[in-house]
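Got your viewer open? Let's take a walk through this model, one selection at a time.

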Amino acid sequence: MSEACVLGADIGGTFTDVVLTRGDGRLHVAKQLTSPEAPERSVLEAVGRVLAEAAIAPGEIERVVHGTTLATNAVIERKGARVAFVTTEGFGDLLRIGREARVEDDRYDLHFAPAPPPLERAAIFELPERVSARGEVLRPVAPPGLEAVVEGVRAYAPEAVAICLLHAYAHPGHEEALEEALRAAMPDVVVVRSSRVHPEMREFDRASTTLFTAEVAPLMARYLARLASGLESLGIRAPLQIMESSGGVMAASVAAERAVATLESGGAAGVMAAARFAGFYEKSRVISFDMGGTTAKAGVVEKGRPAVVRELHVGGRGSFGGRRAGTGMPIKTPTIDLAEVGAGGGSIGWLDPEGVLRVGPRSAGASPGPACYGQGGLEPTVTDANLVLGYLSPENFADGRFALDPAPARRALEDRIASPLGVSVERAAWAMHEAASASMASAIHVVTVQRGLDPRDHTLVAFGGAGPMHVVGIAREFGIDQVIAPTHAGVASAIGMQATDLTAEHGLTYLVSSDALSPAEARARFAEVEVAARRKMGVGDDEEGLEVGRLVDARFVGQAHEVSIPLASFDVIGEIPARFRTRYAELYGVAPAGRVEFAALRVRLRRPVDRPPLVDQVASASEAPPMEQRLAWFGPEAPVETGVVRRADFRPGVALSGPVIIEGSVETTVVPPGWNVRVDLAASLVIERDR
Amino acid sequence: MSGPNADRLEAEILRHALRVAAEEASIVVVHSAHSAMIAEGADACAGILDREGRLVTLSTATNLMHAASLRCSLPAILEDHDLEAMAPGDVFVMNDCFRGGIHANDLVVFRPVFREGRVEWWTGTLIHVSDLGGSSAGGIVPTATDVFAEGLQLPPVRLYAGGEPVADLHQILALNSRTPDRVMGDVGALVAGVNVAAERMEGLAERYGTARLRAGIEDYLAGSETRMREELAKLAPGTYRGEYRIDGDGLEPDRQPVVRVCAEVGGGREGIRLDFSETDDQALGAINAGFSQALTGALYAVRCFVDPSIPMNEGCFSPVDVVFRKGSLLDPHPPAACGGRVVSVTAVCEAVVHALSRARPELATAASSVIHPFTLAAPSRLEPWLLLSYEYGGLGARRGSDGPDATGAFFLGGRNVVPQIEPLEASLPIVFERQRLLPDSGGAGQWRGGLGVETRIRVLQETELAVRSERVLLPPKGREGGQDGTAGTQYVIEEGGGERSLPAKGANLQMAANEVLVLTTSGGGGLGAPGDRAAEAVAHDVEEGFVSAEEAEAHYGVRGSGPR
């Protein structure tokens, strides 16, 4: 009898977390340093460890959910595949001309630097062809033109080709013909066309989305092939699913072509985890705070739902976390709204030319890692500072599997910070801890204060390996009185992704007057969109058990922005204009009399998963847990005698007063003086300001 | 939490909340507007002002062309209407360019925000609406010789009274437009914007209390003013002059008016004085600028020399003393035509930047292109259609870096406001045939000017055209040994292949079906001697097709193989 176990594997810049959830909700977790040159290796090692610990057969794994930063790193570092770009003749400069906005402070900067062109000239090819906005062929694709482009592309020797022809959403035939010719001539080259990736109007947005897809698709395909074969060699043949930025997952089989949908997946998994806790604790306003080794991410969950935006910007600028419309290069893919800063446990402290202490964004990563890992790191990291401050234990880190050496940590702090500044090592460590907290606080600032939300109205949910160590200081900064550090907070993202549904969304530009779409025509058109959505999700046309949501994007004739109106059944398509008018009046407070037209049809698919129980139910206790004492610093002046308990020993029914440190197997929680902590029945730590 | 920390946090939340209110209003206007230019690209301007008419906050994505206009036109409303006689739900509109407005098509809409029966604040929005009459569709009337030819003029009047539309005015607006549905859609969008912002302000007042909100705003404005004065005090004291010669107004062929500025910087807390008195007299054609627009240009340019993070509010205006001479290009006597003010406003910016860069030489820039607005329309058809759009050219080279390509003047805020091609083709009888960067258009120099672009549009029906191009006779100037950029052009390709030239500033020009409009924008000027340009930079320019092999050899003495 199979036990229906689920594996979650989350790769971060420093650690790879793997969580095995058994059918009864028991968890087995493994934290492993990430192997950057071959990320699948760290996943496979950690999977091997949890399988051994759980003592179950690999065949009992029913599903593997994976979050990867592979695409993110490739895009940020511009280390994607070599791509040739083909567009309609006359428009080769489409992406080089760009559409970048100068926002906020940049507007007054006479020296502003535009983003470098995303393509070199040699990579750009123009195909003689043209279709109209209505999909009529104005200039057919002729064999000589086609052959010349194929020849040129072949000579450029790309790993992938991105095709974006004008109005291809209305008439994909020309893109299909080119795709076919390219595949025939270059069978090993990945070909990505815009009419498949994002068949919606607005050529720059579509071309940019297609280009980035082509840049990451080959890398993702190769990586997933290695991972799948590795899992298979461990005996795991369960379906592999990949975490998406939207908060859902997709089948690995489609993840290469949809790699851009994974760009914010790590952050999305964390926010989804926070959303589950928000539901569990019936909190209507929650800030998720996820601090790992390399970055910290913050998001807001209101009424159980994170906000989702329809595009993200590579190299975006301005406030709201660099997500100002018009900045950077757009990628059209649903993305959970979150902010990220380059500050984590591995972030390196350094002195700028003026002698000011800075932390991050450079990280020691997994190699060499913090100095205290004893792998040759010479630069002080936030983790080194936290060790010197007494927050981390040299022996008990990660359940004692991983010894931390204070000597190189102190040396790094001494050499790089304390001695140049003429202060003690402890004072330098305290300054680094504070600087890292301030940097992470700025992520929370972006998602709350900058949006006019008052953080004091929110509960802070902290996770990630380093989150619970910094969170109380940050809460204090914002005047937040309650913090929750859930059980296994150090691997919460890997747990969060196990409970996300299989989802896909697909839109198709379809411009039609609102009275010209009959129920029969709507049914036929939506069927086409649903086929594409199913393909995006990686499920067959006849697969059952899917929730299908249909939306019609409606607007007044002459407008360019639409309002999505849900369509309950095809028979009521005639009611959409009235529903649109009502919704419009609600949104904008005016009720124009103009004619209504439809601009796009969208299908959202969801296949809900059986959610493993959220938490370990724990028995309460009346006695305080065994407590050791050690010195820890909560200010620059002098250390304080601080209680240290094991999280496993800490039970509901007992409250402890800070300062106290709670050591878990995958995270350490620090409760400073003036705060108290208890364990609730769901095994979460609830930390509150003393009244 | 209490004490100074809590106060600081609350002040910060408040400021952001104010900004978000303006931001949201701007987004609402864009999302509900009907003009292709606004809906597909351009940003709407939205702001919050106080009872006295001081600017509290401005949406940060705002078209900077509009930065001073809300602030300068609210006084007209306060002059003509008694605050005590206003009621919740009143909405006012105006466009008079001699009282703070811009020109007929730029409608300024305001709504008072009431607390306890008293007007405490104002919310305002502003966009270029689709069409409001005048002798050429869409408000591009370079041939206008007075304001009457530019469209319907509106003094400050009520658009809504107590939440109810003022039907008489709505009918007047609709009847005076070639595209009544669109223009009324745009008016609705402006109203939606002020409504949303007013609702946010009421929410904030509810939450923080009117007195606290008022005090918070007071601190906010004072803080900005202090920062502005501190920054201006850092400029090297002195008197700096700058000038900029305009191609012409399109009507007076022998006159190329000059904008002149004399900037006085004292080096103390007194701020800065910009005297434009020596600017030439007002023009016959439409390139004059109402005072709010001229002030916008001057303030923008000053802000390029101070900390850019100072919030845009009244505190930025107070330390900048700007003097215009009545009857000059920058503050003309009525009924001067003012619709083409972007030309003079650009001249103001260039002149001030040129002058002040002597106080901070690292900010020297060569001259840039000027926006090329144009309209394509079939105004007399049963189903009228209209496109107002524009193209951008190259920026001037900066000390230390090349000028960016195809992105317009510095104050225009970037290219994202130019509509994408597909949605335009989907709703209008036009087909774009080409859009490319123009090789060799950037002025040669140690740092090269940015490139202009070439756009070709085929019209599928008989079409009426208006253009208002600048930097067509006089190319953007190079600086310090850098060469001038290439001037722009505009012409029509006829069906047989022949070319027909177009005036740089002209309206009511006819195009036959299937003719092609060709617009090329100017390239930015270069900075520094071309001979000092790094050889790798020249090679890269040739490789990427920014500079042809011939020009590389001619200007830089570098032989290159050229692109494939």
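## Stop 1: where the chains meet

Start with both chains on screen and colour them separately. Their contact draws on 51 residues of chain A and 58 residues of chain B. Keep in mind that this is a predicted model.

Now stay with chain A and select residues 94–97 and then 203–233. These are α3 and α7, and each gives at least two residues to the side of chain A that touches chain B. What classes of residue does that side of chain A have? Colour by class and you should find 21 nonpolar residues, along with 15 polar and 15 charged ones.

## Stop 2: the domains of chain A

Hide chain B for a moment. Chain A splits into four pieces that you can colour one by one:

- domain 1: residues 5–74 + 221–260
- domain 2: residues 79–217
- domain 3: residues 507–605
- domain 4: residues 628–677

Select domain 1 and domain 2 of chain A together. How far apart do their C-alpha centres lie? The answer is 33 Å. Where these two domains of chain A touch, seven residues of domain 1 are in contact with nine residues of domain 2. On the domain 1 side of this contact in chain A, six residues are nonpolar, none is polar and one is charged.

## Stop 3: a sheet in chain B

Bring chain B back and switch to a cartoon view. Look for an open sheet of seven strands in chain B, and trace the order β2-β1-β5-β4-β3-β6-β7, with antiparallel pairing. Which strands stand at the edges? They are β2 (55–58) and β7 (164–165) of chain B; each has a single partner strand, so one side of each has no neighbour in the sheet.

Zoom in on the β7 edge. Strand β6 of chain B (residues 157–161) runs antiparallel to β7(B), and two bridges join them. To see a bridge pair, select Ala161(B) and its partner in β7(B), Glu164(B).

## Stop 4: a pair of helices in chain B

For the last stop, select residues 535–543 and 549–556 of chain B. These are helices α11 and α12 of chain B, packed at an angle of about 160° with their axes 9 Å apart. Because of that angle, α11(B) is roughly antiparallel to α12(B). The crossing of α11(B) past α12(B) is right-handed.

Show side chains here. From α11(B), pick Val538(B), Asp541(B) and Val542(B); they meet Ala549(B), Ala552(B) and Tyr556(B) of α12(B). By class, this contact between α11(B) and α12(B) has five nonpolar residues, one charged residue and no polar ones.

Technical notes:
Residues numbered from 1 in each chain as written. Chains lettered and ligands numbered in written order. Predicted model: local features only at pLDDT ≥ 70, side-chain atom pairs only at ≥ 80, totals over all residues. Helix = DSSP H or I, 4+ residues; strand = E, 2+ residues; numbered from the N terminus. Nonpolar A, V, L, I, M, F, W, Y, C, P; charged D, E, K, R; others polar. Axes fitted to C-alpha atoms, helices over the stretch in contact; angles between N-to-C directions. Parallel < 35°, antiparallel > 145°, perpendicular 65-115°, else oblique. Left-handed = near helix turned anticlockwise from the far one by under 90°. Domains from an automatic or database assignment. Pairing = 2+ DSSP bridges.
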